Amino acid sequence: MASHLPNLASMWTPAKVETRRVELDLSGSGQGSCVVTQVICDDIAICNAANLTDWDANSVQVELCEFCRVPGCSSGGRVAIRRVSDRVLLIPDFATMVEKGDQSEEWAPPRWMVKRGVLALSRAQWDLIQASSANALIFDLIKHASVGDLLRIFHFQAPRVFLPDYLQPLMAKWELITCTNGHNSENDLRHLKRLFSDPAHFDGFEICNPRPDSYTVSVFLDLPSDAEWLVFSSEIEPAIRLSDELYFRPIP
């Protein structure tokens, strides 16, 4: 029996979100003591100083320098914040990383996202975070996700053995795919290749639920041990799987 591939990241829907105030000793950077508000999801700190974070920025640094807590002092720890239906997504800042090219590591996602995946929050969970920081946007003002954002998330969640660099979808290693469990593997692969083309090829998307009589198509890779990668529903126009709760269908 095949096992699910340990993707680099899959979507993370936390069961518990809370904030806590912590007093830090920043005397080493000449600041003395400082009280910060941390955001904790399932016992993992996803933002180490919410009250010092510039939530209104295009690229939000949620992992501030551990030494001084000054935005921009350290590299990485960056997210973009997007709204999809009734969810708030914290995603890698794909657009800036693509723009910066060789300097993309300066804008890389936080360490917890690499391990746990894109963060999907309910409106109530976001409201809790928003209340902890004066400049965090209210839900209705958060930018809507684009079809490019969702496709980039799909690339980010692809197995790294198949797509070593999630910013370079054209570099996918198609030779590793042996088959799918769909009705027609050739058609499945043709559709999958479209999803790894330029995101600009699509005009938009719709959030949807797979038909009750469909199932999730798995892709199998030629690896030492059998493993499967869940990709989309078994419909003529497949619904792309980002998580068990979130599917979308690109509009050509």
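Which residues are exposed on the other side of H3? Keep that in mind while we walk through this predicted model; the tour comes to H3 at its third stop.

**Stop 1: the whole chain**

Start by showing the full protein chain as a cartoon. You should find 5 helices and 14 strands. The radius of gyration is 19 Å, close to the 18 Å that the globule rule gives for 252 residues, so the chain is as compact as a globular protein of that length. Along the principal axes, the C-alpha atoms fill a box of roughly 65 × 35 × 35 Å.

Now switch on the surface. About 12,400 Å² of the protein chain is accessible, and carbon and sulfur atoms account for 49% of that area. Of the 252 residues, 51% are buried. Contacts also reach across the sequence: among those between residues at least 6 apart, 59% join residues at least 24 apart.

**Stop 2: Leu-119**

Next, select strand S8, residues 119–122, and pick out Leu-119 in it. Is Leu-119 buried or exposed? Its relative accessibility is 0%, so Leu-119 counts as buried. Leaving aside residues up to four places away in sequence, Leu-119 touches Trp-12, Pro-14, Cys-41, Ile-46, Val-88, Leu-89, Leu-90 and Trp-112. Try a distance too: from C-alpha to C-alpha, Leu-119 and Pro-92 are 9.9 Å apart, with their positions 27 residues apart in sequence.

**Stop 3: helix H3**

Move on to residues 123–131, which form helix H3, and show the side chains of Gln-125, Trp-126 and Ile-129, the buried residues of this helix. Look down the axis of H3: these buried residues fall within an arc of 95°, so they line one face of the helix. Here is the background: an α-helix has 3.6 residues a turn, so residues three or four places apart point the same way. Turn to the other side of H3 for the opening question: Ala-124 and Ala-131 are exposed there.

**Stop 4: helix H5**

Finally, select helix H5, residues 185–195, where Asp-188, His-191, Leu-192 and Leu-195 are buried. Around the axis they cover an arc of only 100°, which puts them on the same side of H5.

What do the buried residues of H5 pack against? Colour these elements to see: helix H4 (147–156) and the strands S9 (177–180), S11 (216–221), S12 (227–233), S13 (240–241) and S14 (247–251).

Before you leave, zoom in on the start of H5. There, a side-chain oxygen of Asn-184 comes to within 3.0 Å of the backbone nitrogen of Glu-186.

How values were computed:
Residues are numbered from 1 along each chain as its sequence is written. This is a predicted model: local features need pLDDT of at least 70, side-chain atom pairs count only at pLDDT 80 or more; totals for chains, interfaces and linings use all residues. Side-chain values use heavy atoms; hydrogens and water are left out. Buried means under 20% relative accessible area, exposed over 50%, partly exposed in between (1.4 Å probe, protein chains only). Helices (H or I, at least four residues) and strands (E, at least two) are DSSP runs, numbered from the N terminus. The arc is that of the directions from the helix axis to the C-beta atoms. Contact means heavy atoms within 4.5 Å. A polar contact is a pair of N or O atoms within 3.5 Å; within protein, one must be able to donate a hydrogen and the other to accept it, and residues adjacent in sequence count only if both atoms are side-chain atoms. The radius of gyration is taken over C-alpha atoms; the globule rule is 2.2 Å times the number of residues to the power 0.38. Accessible areas come from the Shrake-Rupley method with a 1.4 Å probe; for residues, only the protein chains shown count as cover.
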